[in-house]
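Student: I have the sequence and the coordinates open. Can we go through the charged pairs, the chain contact and a few local details?

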There are 2 protein chains.
Amino acid sequence: MKVSAVETGEISQVSAPRKGMIRGLSIMDFILRIVAAIGTLGSALSTGTTRETLPFTTQFVKFRAVFDDLPTFVFFVTSNSIVCGYLVLSLALSFFHIIRRSSAAKSRILLVFLDTVMFGLLTTGAAAAGTIVYVSHYGNVNANWFPFCGQYNHFCERISGSLIGSFIAVVIFMIIILMSAVSISKH
Amino acid sequence: MKVSAVETGEISQVSAPRKGMIRGLSIMDFILRIVAAIGTLGSALSTGTTRETLPFTTQFVKFRAVFDDLPTFVFFVTSNSIVCGYLVLSLALSFFHIIRRSSAAKSRILLVFLDTVMFGLLTTGAAAAGTIVYVSHYGNVNANWFPFCGQYNHFCERISGSLIGSFIAVVIFMIIILMSAVSISKH
C-alpha cells in the first residue's frame, strides 16, 4: 500500500513540470508556424511579382524578364504557396495541442508526418530555385550556359532575396520536428 | 489497494504488444537504413564515375563531359556520400534500439533530429541535381541555355538514372522519421 502511494506521488510530481514543458513547446510550435508561414508567403509573393524590363529595345525584341520565364521559379512559388497554406491550416491543430495537451499523441504524430512531407517539398523548391539562381549568377562554361544577371540585375537581386524567407522556414521546420519529437516523448 | 493492483495489471497487459510493436519498428528501421545507405552509395558512385568522350575531336577541342563539369553534381555526390556515411554510423544506434527497446527515448529523439537534418541535406542535393538534369535535357529558351543532352546522350542518361537511388533514400527518410515518432509515443 505504501509503495503504491509513493509511486503515485512520484508520478504527480513528475507530471507538473512535464505538462508545463509540453505546454511551453506547444506555444513555441504555434509561434514558429506563424513565422514560417510569413517567411514562405513572403518568398512566394516576392518571387511571383518579380519582373524587369530593360530600358532599351530592338525593332523586334523587348528585353523583359518575368519569374515564369524559368519553370523552376514557378515550382518555387507553388511549393511555397502550398507550404504556407498548410502552415496556416496546421495552426488549428497546433492550437488544439496548447489547450488539450494531455491527449494529443496521435495528432502530434500526424503533424510530425505532415511536417516532414512539407519540409521535403519546401526544401526541394528552395534547392531548385537556389541552383537556378547560382547558374544565373555564375553561368557554366562547360555547358555553355551564360549568366544573365549582368543584364537583369534587379531581377536577380530580387529572386536571390526571395530565397531567404524560404530558407528561414526550412530551418524552422527542423526545429518544429525536433520539438514535436520531444513533446511526444513527454506524453 | 485493489485499485492500484488493477492499474498495475492493465499497464503490464498493454506493455507486451507495445514492446512487440517497438521491437518490430526498430527492426524495420534498421533494414530501411541499410536500403537507404545502398541507395545513396549507388547514387554517389554512379554520378561520380560518369564521363563521356564524344567520338570526334577538332584540332583544339576534345568533346568530353565529366560529372564535375557542373558544381551541382559535385554537391550531389558530396551530399549523398555524407548521408551514406551517416546512415552506416546510425546503424549502431538503430541496433541499440532493437536490443534496449525500453530505455531509449532520448537516443531516439537525437536520431529523429539527425535524420531530419540529413533528410534536408539529401533532398537539397537531389533537388539541385534534378534541376540541372532538367535544364540539361530541355534547356531554357528565355535564358539562352541550350540543352546538351542531344550530344552527350550517355552522360545524361547515367546522371538521370543516378537520381533514383537518392530519391528512394528521400522517401525512406520520411518513413523512418514517421516510425521514430510512433516508437517514441509508445514509450
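Tutor: Start with A:Asp115, which is buried at 0% relative accessibility. Keep in mind that this is a predicted model.

Student: Which side chain does A:Asp115 meet in a salt bridge?
Tutor: Side chains of opposite charge can pair when their charged atoms come close. For A:Asp115, the N to O distance in the salt bridge is 2.8 Å. The partner is A:Arg33.

Student: How many residues apart are A:Asp115 and A:Arg33?
Tutor: A:Asp115 sits in helix H3 (residues 105-138) of chain A. A:Arg33 belongs to helix H1 of chain A. The pair therefore links distant parts of the chain, and the separation is 82 residues.

Student: Is A:Arg33 buried or exposed?
Tutor: Buried means under 20% relative accessible area. The relative accessible area of A:Arg33 is 0%. So A:Arg33 is buried.

Student: Which other residue meets A:Arg33 in a salt bridge, and how are the two spaced in helix H1?
Tutor: The other residue is A:Asp29, again with 2.8 Å from N to O. A:Asp29 and A:Arg33 are 4 residues apart in helix H1 (residues 2-48) of chain A. That spacing is about one helical turn.

Student: What is the relative accessibility of A:Asp29?
Tutor: A:Asp29 counts as buried, because its value falls under the 20% cut-off. Its relative accessibility is 7%.

Student: Which residues of chain B form a salt bridge between helix H1 and helix H3?
Tutor: In chain B, helix H3 covers residues 105-138 and helix H1 covers residues 2-48. The salt bridge ties together parts that are 82 residues apart in sequence. Its closest N and O atoms are 2.8 Å apart. The residues are B:Asp115 and B:Arg33.

Student: Are B:Asp115 and B:Arg33 buried or exposed?
Tutor: The cut-off for buried is under 20% relative accessible area. By that cut-off, both B:Asp115 and B:Arg33 are buried.

Student: Which residues of chain A are joined into one network by salt bridges that share partners?
Tutor: A:Arg33 pairs with A:Asp29. A:Arg33 also pairs with A:Asp115. The network is A:Asp29, A:Arg33 and A:Asp115.

Student: How many salt bridges are there over all chains, and how many across the interface of chain B and chain A?
Tutor: Over all chains the count is 4. Across the interface of chain B and chain A, the count is 0.

Student: How many residue pairs are in polar contact between chain B and chain A?
Tutor: The contact takes 35 residues from chain B and 35 residues from chain A. About 3,100 Å² is buried between the chains, and carbon and sulfur atoms give 79% of that area. The number of residue pairs in polar contact is 6.

Student: Which element gives the most residues to the side of chain B that touches chain A?
Tutor: The elements of chain B giving two or more residues to this side are helix H2 (71-99), H3 and helix H4 (153-185). By class, the side has 23 nonpolar, 11 polar and 1 charged residues. The top contributor, with 16 residues, is H3(B).

Student: What kind of axis relates the two copies?
Tutor: A rotation of 180° superposes chain B on chain A, with 0.0 Å of shift along the axis and an RMSD of 0.0 Å. The same surface serves both copies, since 100% of the contact residues of chain B recur in chain A. The copies are thus related as by a two-fold rotation axis.

Student: Which backbone oxygen does the side chain of B:Ser43 reach?
Tutor: B:Ser43 lies in helix H1 of chain B. B:Ser43 is buried, at 1% relative accessible area. Residues that B:Ser43 touches include B:Phe76, B:Asn80 and B:Leu163. At 2.5 Å, its side chain reaches the backbone oxygen of B:Ser162.

Student: What is phi of A:Asn144?
Tutor: Most residues other than glycine have a negative phi. A:Asn144 sits in the loop between H3 and helix H4 (153-185) of chain A. A:Asn144 is partly exposed, at 46% relative accessible area. Its phi is positive, near 60°.

Student: And what is the relative accessible area of B:Asn144?
Tutor: B:Asn144 is in the loop between H3 and H4 of chain B. B:Asn144 has a positive phi of about 60° although it is not a glycine. B:Asn144 is partly exposed, with a relative accessible area of 48%.

Conventions
Residues numbered from 1 in each chain as written. Chains lettered and ligands numbered in written order. Predicted model: local features only at pLDDT ≥ 70, side-chain atom pairs only at ≥ 80, totals over all residues. Heavy atoms only, no water. Buried < 20%, exposed > 50% of the residue type's maximum accessible area, 1.4 Å probe, protein only. Contact = heavy atoms within 4.5 Å. Buried area = accessible area lost by both parts, 1.4 Å probe. Polar contact = N/O pair within 3.5 Å; in protein donor to acceptor, adjacent residues only side chain to side chain. Nonpolar A, V, L, I, M, F, W, Y, C, P; charged D, E, K, R; others polar. Least-squares fit on C-alpha atoms with pLDDT ≥ 70 in both. Lists of a residue's contacts leave out its neighbours within four places in sequence.
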